[in-house]
Amino acid sequence: MANIVAIVGRPNVGKSTLFNRLIEERKAIEDNLSGVTRDRHYGHAQWGGRFFSVIDTGGYVTGSDEIFEKEIRKQVRLAIEEASVILFVVDCLDGLTDLDTEFAKELRGTDKPLFMVANKADNLDKMLMANEFYALGLGEEKIFPISSASGSGIGDLLDEVIQKFPDEGEEDPDEGVPKLSILGRPNVGKSSFLNALIGKERSIVTDEAGTTRDAIHTRYQLYGKDYILTDTAGIRKKAKVKEDIEFYSVMRSLRTLEDSDVVIVMVDATRGLEAQDVNLISLAIKNNKGIMIMVNKWDLIEKDHKTMQTFKDDMTQKLGENKWIPIIFISALTKQRIFQAMELAMKVYENKHRKVPTSKLNERLLPEIEKYPPPANKGKYIKIKYITQLPTKNPVFAFFCNLPQYIKSPYTRFLENRLRENFDFEGVPVKITYKKK
């Protein structure tokens, strides 16, 4: 979609608050601390019947060699290149600063529609203070005083912005697109994998744990299919989460899991499957998500012909009953098997939406049930007569029988295993329910 609005400016002017206001969700972390937003952060908005993408960027600071500031500047420039309209956000309370003037020089060369947005204009006096920014000589005819916190003035701004769009933008671009999220502990290589996959720096990558803070959404296409890929902040044990910002980052990651179709749990090959990874997998199962495990940094492991199978066996043992979760070994650094990992994720997505005809279910499973019927309970024999898949978002199968209350969990596991053997539900939680007939 061609309609992209980039929100840019120095730190702490309220860019993330404006972003959240436009997309009508609290996706970006808002904090009074400078430098909270680091990566380009995408969302979708609608105004006047027009759909458009919104990019939130980190605060632009010049003359700093600090690693994150340098990477943020790179991300801001990439956002400006992608955008069809630019919102240059300044702060009415602070007035015109040297950082605003420096950043204005960066924007002066662009030929894209640019709007000066004076944020924190909560009353008439502050609105008048916005006139100071005319000195920058940027933007369309006028400066737009707004309040991101209350929403004041944003309607007038958007009325003008949508007039500059090159595309009609009448459809929601994300409708029906598979949502895949990458979750895992800090520093396992989630951002490196995303960057390797799309071939450009979508997320900032450093050796420092906690580099990614927000959930970073990316539209991606492979083999003619569209996906939404989300890179998330690393999740640590609750006891180790000290800062407010990290707490909100973890909450965003968990919310991303809830919104996903398929959860890719990334594991560090040098550390193996840890308790926190198993907790994430359990949470994904509880939320009925498609799941796969992606073991990164495989290039760092000394290998022979048995190494991969040994790793798999060890992880499968830790997964217990959840042996149906597929495992793939990759290296984001060398790009080894990264595209196969995406193919596997899409296979899991397809399995999650698989519908098995009732005739096939009964044809395959009833003979097996006759061979191994449910154990009798209190002298009463249980007869399963009919099976059907329920019309739900996730695979749920109803087994109709005479005495549903007497079927125990070991037999339910037997039925689940027969379902998985006969029909491909790799990577997908399968639920079984019993109904009286």
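**Classes, angles and cut-offs**

Visitor: What makes up the lining of the largest cavity, by class?

Guide: Three nonpolar, one polar and five charged residues. Asp, Glu, Lys and Arg count as charged, Ala, Val, Leu, Ile, Met, Phe, Trp, Tyr, Cys and Pro as nonpolar, and the others, Gly among them, as polar. The model is predicted, with local features needing pLDDT of at least 70 and side-chain atom pairs 80 or more, while totals for chains, interfaces and linings use all residues. Residues are numbered from 1 along each chain as its sequence is written, and side-chain values use heavy atoms, without hydrogens or water.

Visitor: Why is this called a cavity?

Guide: On a 1 Å grid over the protein atoms alone, a 1.4 Å probe fits at its points but cannot get out. The search finds one of 30 Å³ or more. Lining residues, with an atom within 4 Å of a point, include Arg185, Asp268 and Gly272.

Visitor: Why is H6 called parallel or perpendicular to H10?

Guide: The axes of H6 (residues 190-198) and H10 (residues 338-352), lines fitted to C-alpha atoms over the stretch in contact, come within 10 Å and cross at roughly 95°. Angles of 65 to 115 degrees count as roughly perpendicular, so H6 is roughly perpendicular to H10. Phe193, Ala196 and Leu197 of H6 make the contact with Ile338, Phe339 and Met342 of H10, contact meaning heavy atoms within 4.5 Å.

Visitor: How do you know that Arg77 forms a salt bridge with Glu106?

Guide: The rule asks for a side-chain nitrogen of Lys or Arg within 4 Å of a carboxyl oxygen of Asp or Glu. Here the closest N and O atoms are 3.0 Å apart, and Arg77 with Glu106 qualifies. Arg77 lies in H2 and Glu106 in H3, so the pair ties together parts that are 29 residues apart in sequence.

Definitions and conventions: On a 1 Å grid over the protein atoms alone, a cavity is a set of points where a 1.4 Å probe fits but cannot get out, and a pocket is an open set with protein on both sides within 12 Å along at least five of seven lines; lining residues have an atom within 4 Å of a point. Grid points are joined across faces, edges and corners, and a volume is the space filled by probe spheres set on the points. Axes are lines fitted to C-alpha atoms, for helices over the stretch in contact, and angles run from 0 to 180 degrees between N-to-C directions. Helices (H or I, at least four residues) and strands (E, at least two) are DSSP runs, numbered from the N terminus. Angles under 35 degrees count as roughly parallel, over 145 as roughly antiparallel, 65 to 115 as roughly perpendicular and the rest as oblique.
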